[in-house]
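Here are a few short exercises to work through with the model open beside you. Try each task before reading its solution.

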Amino acid sequence: MSDNPPESGHPEAPIIEIAGMHKWFGDFHVLQDIHLKVARGERIVICGPSGSGKSTLIRCINRLEMHQRGRIIVDGIELTNDIKNIEKIRAEVGMVFQHFNLFPHLTILENLTLGPIWVRKVPKKEAEETAMYYLEKVHIAEQARKYPGQLSGGQQQRVAIARSLCMKPNVMLFDEPTSALDPEMVKEVLDVMISLAREGMTMLVVTHEMGFAKSVAHRVLFMDYGRIVEENTPAEFFNHPQHERTKLFLSQILH
Amino acid sequence: MTVHVYDSRTAEIKPPVTSVGVLGWIRKNLFDGWFNSVLTVLVLALLVKMVPPFVRWALLDSHWLPSGSGCQDAQGACWSIVTANLRFIIFGFYPHDLQWRPLLAMIILVALLFYSRNRKHWRYALGWSWLAGLAVMGLLLRGGFFGMAVVESTQWGGLPLTLLLAVFGLTGAYPLGVLLALGRASRMRAVKTLCILYIEMIRGVPLISLLFMSSVVFPLFLPEGVTVNKILRAQAAIILFTAAYIAEVVRGGLQAIARGQYEAAESLGLNYYQTMRLIVLPQALKIVIPPSVSILISAFKDTSLVVIIALYDLLKTTKSVLADPRWMGFSAEAYIFLALIYFCCCYFMSNYSRRLERELDTGL
Ligand SMILES: Nc1ncnc2c1ncn2[C@@H]1O[C@H](COP(=O)(O)OP(=O)(O)OP(=O)(O)O)[C@@H](O)[C@H]1O
Ligand SMILES: [Mg+2]
């Protein structure tokens, strides 16, 4: 699939544009001078050692974290303190978390229809139809009336993906979607993500699943100490890493 | 190599007799070790000594006739004090001929309570029927329409007054408490400080002093000629007091909600109010059902403190009966009856909350 990346010099503006972005937690400089352009339909995998700022970077894109310097533009809207802009962008950008974060007091179906009904103002019936469509897609439609607590981890994560898709997002962010799962459930979640990639969804994925990166990503970013140290196509990245730190990281992760 | 052969007879072996059935239960619950055995024996002895005399006093040797004849030289309880004064204890100084009105109001209340027990009935319509029901109850007590005579609130008393203070107190205090808790958890400094100040000040004084203030101090600040109904003032004091405690309990529930829940809600684009109303509060309030109900129960019982500002609630009407020379010396019976009424109400509340907890359990 990685054989057909969106052409460079695409006429359309990038869907995400980050320029000279910095972020601090107190005195701690988590993200330093980040530059990143993501084209529509592009799939990016972000990896790097623990604490390097991967989560913080993608959380800045839907402003779960606030950046302090530089610019982030998503789908033509710059992220500022304007609350209206933020809510608009959040509705356009789907996010999948490491720990699923489903709403335990709502059924699976209600989890999926909540956003469309309250944010998009979609009629309930239509929202439920959309929800069932996406539940079919993640192969879990028969669980629609259950509560999250009654599902396995892999099932919950697939529901979480469907919940984001129900908002019809333009971009999907994934923060280590498989690292809280038992090994035998990783595949079912990755399969859903791969089929999503096939349909041309723009995806930013923080993951250490290198197989996924090789087969799906157009670009792999390597982060360390709050910087993007290296970025390349998967083939180049895995076969000819440029930086010492990248080599060290890959040798540790690939054994 | 060994081969396991499963003999069909092994399935028929039963657990030892002493671990199942009645014997098993007794052994496990009453005689589990020497300490528990000693306790069991002691408690049994105590019960044998106390229960038969009480039954003899309360039932076998008791008098029930409203005339009270034979009470003076009886060995047992004189329930006549209750049967003779039932209407005064329950309704206080409410005009005798009009007592069907508070009675009807209480029946509406009980009907609404029982209807609300079933979660299937929880719809917006139920909320409206509660509002309508409360209004109708108030109007029934007060009168002044459809040719019903006006009964001034100074004549209200007894059980209707107690229930009025409790029901309006609790329905007022709970939303206020939730708002205070949200305010205290807010990121806005001014709101947060105000809420903390309020909660800590209210929790720092006893309810009695608030009631005194509402009846003695508060009128001093009113312009000449303006009076605020005494019941209303007591009601306000109860609401303000209870809300502070509710707020602290709800705050505990809010803290138990994981950050991930807020983040998931925000990443869907829900705004603050939607996040709170749809995601956070339903979960937080469910967690705090048991402590909230404790507070509601104690608030219900605390309504009896209004006697000190001379309102004739259930406790006060009972005490006035005891002041009558004819019924002196039968306070035990009167107080037992009073306790029974309070117990029924409180038991209903705690029973209801347990049921609610069970029904809202979604396994995570
Ligand atoms: N809310 C916060 N306040 C202060 N420091 C934080 C906060 N969140 C993250 N950090 C710190 O920022 C750094 C980057 O965190 P981040 O979660 O982005 O790392 P990560 O690359 O996602 O790591 P991991 O692979 O462990 O998830 C870490 O050192 C972390 O301790
Ligand atoms: Mg992370």
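**Exercise 1. Find how many salt bridges cross the interface of chain A and chain B, and describe the side of chain A that touches chain B.**

Solution. This is a predicted model, so treat each value as computed from its atoms.

Step 1: Across this interface the rule finds 2 salt bridges.

Step 2: Look at Arg59(A), whose side chain meets that of Glu263(B) in a salt bridge, 2.7 Å from N to O.

Step 3: Widen the search to polar contacts, and you reach 6 residue pairs between chain A and chain B, with both residues at pLDDT 80 or more.

Step 4: Now ask which elements of chain A give two or more residues to this side: they are helix H2 (83-92), strand S6 (93-96) and helix H3 (108-118).

Step 5: Sort the residues on this side of chain A by class, which gives 13 nonpolar, 5 polar and 5 charged.

**Exercise 2. Work out how much area is buried between chain A and chain B.**

Solution. Step 1: Start with the contacts, where 23 residues of chain A meet 21 residues of chain B.

Step 2: The area buried between the two chains is about 2100 Å², and carbon and sulfur atoms give 63% of it.

Step 3: On the chain A side, Pro104(A), His105(A) and Trp118(A) lose the most area to chain B, together 27% of what that side buries.

**Exercise 3. Identify the residues of chain A that surround ligand 1, then look for polar side-chain atoms beside its oxygen atoms.**

Solution. Step 1: The surrounding residues include Phe25(A), Phe28(A), Val30(A), Pro49(A) and Glu176(A). Also among them is the run Ser50(A), Gly51(A), Ser52(A), Gly53(A), Lys54(A), Ser55(A) and Thr56(A).

Step 2: Check the side chain of Lys54(A), where an N or O atom is 2.8 Å from an oxygen atom of ligand 1.

Step 3: Do likewise for Ser55(A), and the distance is 2.5 Å. For Thr56(A), a polar side-chain atom lies 2.5 Å from a ligand oxygen atom.

**Exercise 4. Explain which parts of chain A the salt bridge between Arg219(A) and Glu42(A) ties together.**

Solution. Step 1: The closest N and O atoms of Arg219(A) and Glu42(A) are 2.8 Å apart.

Step 2: Arg219(A) lies in strand S9 (residues 219-224), while Glu42(A) lies in the loop between strand S2 (28-38) and strand S3 (43-47), so the pair ties together parts 177 residues apart in sequence.

Conventions:
Residues are numbered from 1 along each chain as its sequence is written. Chains are lettered from A and ligands numbered from 1 in the order in which they are written. This is a predicted model: local features need pLDDT of at least 70, side-chain atom pairs count only at pLDDT 80 or more; totals for chains, interfaces and linings use all residues. Side-chain values use heavy atoms; hydrogens and water are left out. Contact means heavy atoms within 4.5 Å. Buried area is the accessible area (1.4 Å probe) that two parts lose on being put together, summed over both. A salt bridge is a side-chain nitrogen of Lys or Arg within 4 Å of a carboxyl oxygen of Asp or Glu. A polar contact is a pair of N or O atoms within 3.5 Å; within protein, one must be able to donate a hydrogen and the other to accept it, and residues adjacent in sequence count only if both atoms are side-chain atoms. Helices (H or I, at least four residues) and strands (E, at least two) are DSSP runs, numbered from the N terminus. Ala, Val, Leu, Ile, Met, Phe, Trp, Tyr, Cys and Pro count as nonpolar, Asp, Glu, Lys and Arg as charged, and the others, Gly among them, as polar. A residue is near a molecule or strand if one of its heavy atoms lies within 4 Å of it.
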